[in-house]
Amino acid sequence: MTRTLESAAVDIAHFGIVFFTIFGTCAGMGTAVFGRDITEFSTLLRAFDYCFAIMMGEFDMSDLRRTGRIISGLWFWSFQILVILVMLNMLLAFVIDAYSETKGRNTTSDTLFFQAYDM
């Protein structure tokens, strides 16, 4: 696991820059659009917290609908598509690629069963 993360460290660092730029932009847009109507977006720090909660799947769509703005749906779906579908799957692809590369280099390692048997 550590070798996988070591080999993916540069890609993950570059990904982090792009991810936090997009994530911060979405949080800032949420503050600008919903700050007066929704408590979770009243400050930028709260917006970061709530965007993280949305990313983890904990959100209430009724608050966004109550604002009565069409942009609320546009903001929500762009956040879902960009951050969750695209960005998190890119992170997963980086880690899986580094894992397969690391595993390919270690062709002589024993399986966990054989290591336990030797012990």
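The following paragraphs examine helix α3 and the cysteines of this predicted model.

Helix α3 comprises the 12 residues 44-55. At 1.5 Å a residue, a helix of this length should span 16 Å, and the end C-alpha atoms of α3 are indeed 16 Å apart, so expectation and model agree. Beyond the helix comes Gly57, which has a positive phi, near 100°.

The burial pattern of α3 shows how the helix is oriented. Ala47, Tyr50, Cys51, Ile54 and Met55 are buried. Viewed down the axis of α3, these buried residues occupy an arc of 145°, and therefore they line one face of the helix. The general geometry accounts for such a pattern: an α-helix has 3.6 residues a turn, so residues three or four places apart point the same way. The buried residues of α3 pack against two other helices, α2 (9-34) and α5 (70-105). On the face turned away from this buried side, α3 carries the exposed residues Leu45 and Asp49.

One of the buried residues of α3, Cys51, leads to the matter of disulfides, of which the structure holds zero. A disulfide requires two cysteine sulfur atoms within 2.5 Å. For Cys51, the closest cysteine sulfur is that of Cys26, at 6.5 Å, and this is too far for a bond. The relation holds from the other side as well, because the cysteine sulfur closest to that of Cys26 is in Cys51, at 6.5 Å. Both residues are nevertheless buried: Cys51 has a relative accessibility of 0%, and Cys26 one of 6%.

How values were computed
Residues are numbered from 1 along each chain as its sequence is written. This is a predicted model: local features need pLDDT of at least 70, side-chain atom pairs count only at pLDDT 80 or more; totals for chains, interfaces and linings use all residues. Side-chain values use heavy atoms; hydrogens and water are left out. Buried means under 20% relative accessible area, exposed over 50%, partly exposed in between (1.4 Å probe, protein chains only). Helices (H or I, at least four residues) and strands (E, at least two) are DSSP runs, numbered from the N terminus. The expected span of a helix is 1.5 Å times one less than its number of residues. The arc is that of the directions from the helix axis to the C-beta atoms. Contact means heavy atoms within 4.5 Å.
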